[in-house]
Structures are given as structure tokens and as C-alpha cells.
Amino acid sequence: MGRNYPHLSLEERRKIAKWREAKMPVPEIADRLGRAASTIYRELKRNFFDDKELPELNGYHAVAAQEMYEQRRAVHRKMIVHPELKEAVEDRLKAGWSPEQIAGRMRLERHLVRVSHETIYRFAYSKDGREEQFYRHLPEHRKRRRPRGHRRHNRTHIFDVQSLSHRPDRISERTEFGHWECDLMMFRKEHGKVNVTSLVERVSRYAVVMRNEDRQSKPIMEALISGLAPLPADARQSITFDRGTEFSAWRHLKDGIGADSWFCDPQAPWQKGTVENTNNRLRKYLPRSTEPTALTNRYLRSVCHRLNSTPRKCLGYKTPAEVFESKLIEIQNRLE
């Protein structure tokens with residue numbers, strides 16, 4: 001097991017300053033602090049206060065040493081030193097990218113100056129970032145970092161379905177293209193019955209969003225058939241649903257485009273986690289307060305384009321559109 005070397009604290013720096021002023025040898029200081037002598041030598045060299053105008057003030061001072069240490073430790077400093085980098089990060093955040101997606105895409109594109117996702121978060125919640133209210137550009141818009149909660153689901157059961165436990169491993173392991181997950185996104189009751197179907201391909205994470213006028217199952221299945229029919233058969237092999245009654249007309253889907261249907265266990269929508277995660281991203285553009293008049297086909301296509309052109313960590317920071325297109329080309333080549 002590797003050894004852990006915690007950083008010197010302000011209290012330790014105060015002791016070093018006091019003992020150095022008393023002319024105590026470095027090895028003895030190290031022994032009293034339980035530190036390696038090299039650590040103390042390095043500390044004295046790195047954090048030596050040097051004033052060119054008032055040389056009589058030169059020396060090792062605890063508070064000044066702590067400030068120099070904190071300045072070096074400020075991982076978000078790169079965002080301050082390179083304003084063009086901060087501007088690029090901010091533009092991508094405004095476009096709906098997450099800090100992890102931004103950092104991953106920078107690595108993929110081999111930017112000369114790039115940041116990690118942690119650097120972006122730390123800058124957003126640093127003193128400088130708070131003054132700019134930089135956190136407002138983050139996906140969750142939170143003033144403080146906190147663990148995410150868990151959604152609760154209460155769906156009506158349906159029976160006589162193909163259970164997810166019988167779904168082939170090649171689908172579960174994402175080794176075969178053309179298998180989708182589907183869910184409905186609901187809005188406030190006062191806006192009526194209009195809802196949105198969210199559909200995501202499991203391998204590429206490619207998303208499709210469609211408007212529905214109500215929750216009747218057969219029209220929803222007809223919309224799925226219409227949306228997926230232009231694709232090659234190998235690109236629309238199956239769809240996984242939860243057990244909501246809006247998906248009870250699944251046999252109609254099989255008759256229409258030949259796609260198999262798989263269903264999660266009762267009250268286990270997390271088993272289709274790909275579409276659940278996609279819904280979380282979609283909520284940025286389609287909050288529950290969205291009015292039906294805003295759900296035009298043009299707007300929904302623009303939302304899909306934004307999601308599908310955003311790099312994903314699970315795809316090696318390629319975009320869903322890039323992966324989806326490459327898979328379609330592979331199918332086309334096989335058919336030829």
C-alpha cells in the first residue's frame with residue numbers, strides 16, 4: 001500500500017517559523033513534526049518570503065508561506081491566467097455541455113491548454129467564480145456542491161410482457177447496435193395531457209424526442225413506428241420500456257416495424273438507466289413548466305441536435321451523432 005503524505009498545515013508552518021527563528025536545525029524540526037527532513041527543506045525553499053525593497057523582512061513567515069502554498073494549490077488558477085480558456089468553457093456550458101464533457105472533448109482534440117472537469121467545478125465555487133456567479137452556467141445551477149437525490153417512480157403495472165430478465169446478454173452488455181430505451185416525459189397537469197416520448201439508442205446514446213397529444217398507448221406506438229421506420233432493420237431491433245400503461249400496446253410495435261419489446265421489472269425504471277439519464281439532460285430544455293405551444297417539432301429537433309452533438313465520456317468523448325452515423329455506415333456496408 002502506498003504511503004500518504006498530507007500537506008503541511010498552517011499550525012505546522014507556525015511551529016517551523018518559531019523554531020527556525022530559534023536557530024533549531026532542520027532535522028530536529030522534522031523529527032518534532034514527524035516529517036521527513038526533505039519536506040522541511042523544500043518548504044523553506046518554496047515558501048521563503050523575499051522582499052526586494054525591504055530585505056530586512058526577508059525570511060520564512062508562517063502566514064506568508066500559507067498564502068504562497070494556497071496560491072499554488074488553486075487548481076482553478078488556469079481559468080484566471082487564460083481568460084480565453086475560461087470563455088471557451090463558459091460558451092460550452094451555456095450550450096448545455098457538462099464540465100466532464102468539456103474536459104474530455106479537450107483531451108480528445110488535444111488542446112494545448114486544457115482543464116479537468118474538477119478544475120471547472122472548483123473555479124465555479126471559488127471566490128472568483130462566485131463573484132461572477134459562474135455556477136449559474138453549470139448543469140444543475142447550484143450555489144453549493146451536494147450529492148444528487150434520487151427520483152421516485154410510481155408506475156401502474158402491466159402484465160403478459162417480455163421481462164427484462166430474458167433479454168439477451170448482447171443487448172444488456174451494449175455489444176449490439178440497434179437496441180433502444182423509451183420513456184415519457186410529463187409536464188404540469190394544468191398544461192393538459194401533452195407529453196414527450198424520449199427514445200435513446202443504447203450503444204451510441206443517440207436521442208430522439210417526439211411530441212404526443214395524450215398518453216394513449218396506441219398513438220404513442222404509432223409515433224415510434226413512424227420515427228424508426230426510415231432506419232435499417234438492424235438499427236431498430238428492440239425497445240426497452242418500463243411498465244407504464246402507456247406502453248401496453250407493445251404488440252402493435254412488433255407488427256409495425258418488427259422490433260422486440262422488453263420491460264423492466266415492476267417499479268424498477270432504473271433498469272433503463274440510459275433513457276433516465278437522458279431525461280435528466282432533457283429537463284434543462286424541457287422543464288415541467290414547459291407549455292405545450294413551445295413543444296414544436298422544430299424546437300424538439302433542436303434539443304435533440306444539441307444533445308446528440310455533445311461529447312460523452314462513455315463514448316470516449318465522441319458525440320452520439322458521430323457514433324450513430326458510424327454504426328449506420330457499418331450496416332450499409334454489410335447490406336452492400
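Biologist: Which residues of H1 meet which residues of H3?

Modeller: Arg13, Ile16 and Arg20 on the H1 side meet Ile40, Glu43 and Leu44 on the H3 side, contact being heavy atoms within 4.5 Å. This is a predicted model, in which local features need pLDDT of at least 70 and side-chain atom pairs count only at pLDDT 80 or more, while totals for chains, interfaces and linings use all residues. Residues are numbered from 1 along each chain as its sequence is written, and side-chain values use heavy atoms, with hydrogens and water left out.

Biologist: What makes up the contact of H1 with H3, by class?

Modeller: It has three nonpolar, three charged and no polar residues. Ala, Val, Leu, Ile, Met, Phe, Trp, Tyr, Cys and Pro count as nonpolar, Asp, Glu, Lys and Arg as charged, and the others, Gly among them, as polar.

Biologist: Why is H1 called roughly perpendicular to H3?

Modeller: H1 (residues 10-21) and H3 (residues 37-46) pack at about 85°, and their axes are 12 Å apart. Angles of 65 to 115 degrees count as roughly perpendicular (under 35 is roughly parallel, over 145 roughly antiparallel, the rest oblique). H1 is therefore roughly perpendicular to H3.

Biologist: How do you know that the length of H1 is close to that expected?

Modeller: The expected span of a helix is 1.5 Å times one less than its number of residues. H1 has twelve residues, for which 16 Å is expected, and reaches 17 Å from its first C-alpha to its last. Helices here are DSSP runs (H or I, at least four residues), as are strands (E, at least two), numbered from the N terminus.

Biologist: Which residues of H1 are buried?

Modeller: They are Glu12, Arg13, Ile16, Ala17 and Trp19. Buried means under 20% relative accessible area, exposed over 50%, and partly exposed in between (1.4 Å probe, protein chains only).

Biologist: Why is Lys23 called exposed?

Modeller: Its relative accessible area is 73%, so Lys23 counts as exposed. Lys23 lies in the loop between H1 and H2 (26-33), and has a positive phi of about 65° although it is not a glycine.

Biologist: What makes Arg110 exposed?

Modeller: Arg110 has a relative accessible area of 70%, and is therefore exposed. Its phi is also positive, near 55°, in a residue other than glycine. Arg110 sits in the loop between H7 (99-108) and H8 (117-124).

Biologist: How do you know that the buried residues of H15 line one face of the helix?

Modeller: The buried residues are Pro320, Val323, Phe324, Leu328 and Ile331. Seen down the axis of H15, they fall within an arc of 135°, so they line one face. The arc is that of the directions from the helix axis to the C-beta atoms. These buried residues pack against strand E1 (179-185), strand E2 (195-201) and helix H14 (297-308).

Biologist: Why is Ile331 called buried?

Modeller: Ile331 has 3% relative accessibility, so it counts as buried. Neighbours within four places in sequence aside, Ile331 is in contact with Phe177, Pro232, Asp234 and Ala235.

Biologist: What makes Ala235 buried?

Modeller: Its relative accessible area is 0%, so Ala235 is buried. Ala235 belongs to the loop between H11 (217-228) and E4 (238-241). Not counting residues up to four places away in sequence, Ala235 touches Phe177, Gly178, Trp180, Leu328 and Ile331. The C-alpha atoms of Ala235 and Lys327 are separated by 8.4 Å, with these positions 92 residues apart along the chain.

Notes: Axes are lines fitted to C-alpha atoms, for helices over the stretch in contact, and angles run from 0 to 180 degrees between N-to-C directions.
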